[in-house]
Amino acid sequence: MVRGKYTESKQLPTFRQRRFGAELRRLREAAGMTAAAVAALLDTDRTVISNVEAGRFGISEERLRRLASIYECDDPVLIEALVAMTGGRKSGWWEEYRGKIPPGFLDVSEMEHHAVRLRTVQTCHMPGLFQTEDHARALFELNIPPLARLEIELRVAHRMDRQVVVNGDADTPYEGVIHEAALRMQVGGRKVAKAQLARLLEANDQDNVTLRVIPFAAGGFPMIGESVLYAEATTPQLDTVHMDSPTGAVFVDSPAQLVSFRRRLVKIEKVALDVPDSQDLIRSIEREL
């Protein structure tokens, strides 16, 4: 039975908790202080600092501001962004799925929920936020080893619920680049593929969504073969990159890597067709089905 299969994940810190802790650790290290030294200034144990930095413990706004002062952080935008992340674990719609599907799926949902802008590059897959139910189901049915039917349906339901970030009240700005190879892959058969292309065309009519295509004729480009989701926060220091891997979700948040990904995204976006030409190519492929 699938329900309860991932119950061990309930005690683990969420993506946002880990991201908050990682940034506090960077601030401490930039200040040249040890966890023990900071703990002494706060009149607490060093294990408390270690647990906060690992995302296992939450802290109050008052203590966060005190830490920022100790670390001599003079970036008010970063401080206020961190203040918004205080308080530890918070409940979101994705918590309904906790223990039922892999925790990495929920981490992606939480990351998307708090992003102020989303940018993606998809070379082999359709963007998850614009997949149809049938397309998503066909993808999950390709899993090795095969998934139980209940877990497939839970994953499909979760993927559909994720789409609230671009279709709901939030209307988060979304800029996606899709390679022509992904558009031509008939996942689930011709009928499913045709409906999926129609969904992309419909999505591109939304004011907050921009979907562009890299045609085969464009040749090579940075990150060829990769799928990347770049989630922008209220300050660049708190941006995060998500990539899929055979073993699960991978999250990248080191400053140097974030700068590198931003540069690569700019280069990729330069080789993509503009929106009208992208729409024309998608329609052309749709007519061929």
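These are my notes on a helix, a cavity, two pockets and a sheet, all looked up in a predicted model.

**Helix H1**

I started with H1, which runs over residues 15–30 and has 16 residues. I checked its span from first C-alpha to last and got 23 Å, close to the 22 Å expected at 1.5 Å a residue.

Next I asked how much of H1 is buried. I found 12 of the 16 residues buried, so the helix is largely enclosed by the rest of the structure. I counted a residue as buried when its relative accessible area was under 20%. My list of buried residues includes Phe-15, Phe-20, Leu-24 and Leu-27. I also wrote down the arginines on that list: Arg-16, Arg-19, Arg-26 and Arg-28. Gln-17, Gly-21, Ala-22 and Glu-23 complete the buried set.

Just past the end of H1, I noted that Gly-32 takes a positive phi of about 70°.

**The cavity**

I then looked for enclosed space and found one cavity of 30 Å³ or more. I put down about 60 Å³ for its volume.

Which residues line it? I have Leu-24, Leu-42, Val-48, Ile-49, Val-52, Glu-53, Ile-59, Arg-63, Leu-67 and Tyr-71. Helix H3 (46–53) and helix H4 (61–70) are the elements that give two or more residues to this lining. H3 gives the most, with four residues. Leu-24 ties this entry to the previous one, as a lining residue of the cavity that is also among the buried residues of H1.

I sorted the lining by class and got eight nonpolar, no polar and two charged residues.

**The largest pocket**

I moved on to open space. The largest pocket holds about 1100 Å³ and is lined by 38 residues. Nearest its centre I found Phe-105, Phe-140, Arg-159, Asp-244 and Ser-245.

I wanted to know which elements give two or more residues to this lining. The helices are H6 (103–114), H7 (133–140) and H8 (149–162). The strands are S1 (117–122), S4 (228–232), S5 (240–245) and S6 (248–252). By class I noted 20 nonpolar, 13 polar and five charged residues.

**The second largest pocket**

I got a volume of about 220 Å³ here. Of its 17 lining residues, I found Arg-16, His-114, Ala-233, Thr-234 and Leu-238 closest to the centre. H1, H6 and S4 are the elements that give two or more residues. H1 has the largest share, three residues. I came back to Arg-16 here, since this residue was on my buried list for H1.

The classes came out as 10 nonpolar, three polar and four charged.

**The sheet**

Last, I traced the strands. I found an open sheet of six strands in the order S3-S2-S1-S4-S5-S6, with mixed pairing. Why do I call S3 and S6 edge strands? Each has a single partner strand, so one side of each is left without a neighbour in the sheet. I put S3 at residues 209–214. The twist averages 15° from one strand to the next.

I looked at one pair in detail: S4 and S5 pair in the antiparallel sense over four bridges. In this pair I found Val-228 standing opposite Met-243 in S5. I also noted that S4 and S5 both give two or more residues to the lining of the largest pocket, while S4 turns up again in the lining of the second largest pocket.

Conventions:
Residues numbered from 1 in each chain as written. Predicted model: local features only at pLDDT ≥ 70, side-chain atom pairs only at ≥ 80, totals over all residues. Heavy atoms only, no water. Expected span 1.5 Å × (residues − 1). Buried < 20%, exposed > 50% of the residue type's maximum accessible area, 1.4 Å probe, protein only. 1 Å grid on protein atoms, 1.4 Å probe; cavity = no way out; pocket = protein on both sides within 12 Å on 5 of 7 lines; lining within 4 Å. Points joined across faces, edges and corners; volume = space filled by probe spheres on them. Nonpolar A, V, L, I, M, F, W, Y, C, P; charged D, E, K, R; others polar. Pairing = 2+ DSSP bridges. Axes fitted to C-alpha atoms, helices over the stretch in contact; angles between N-to-C directions.
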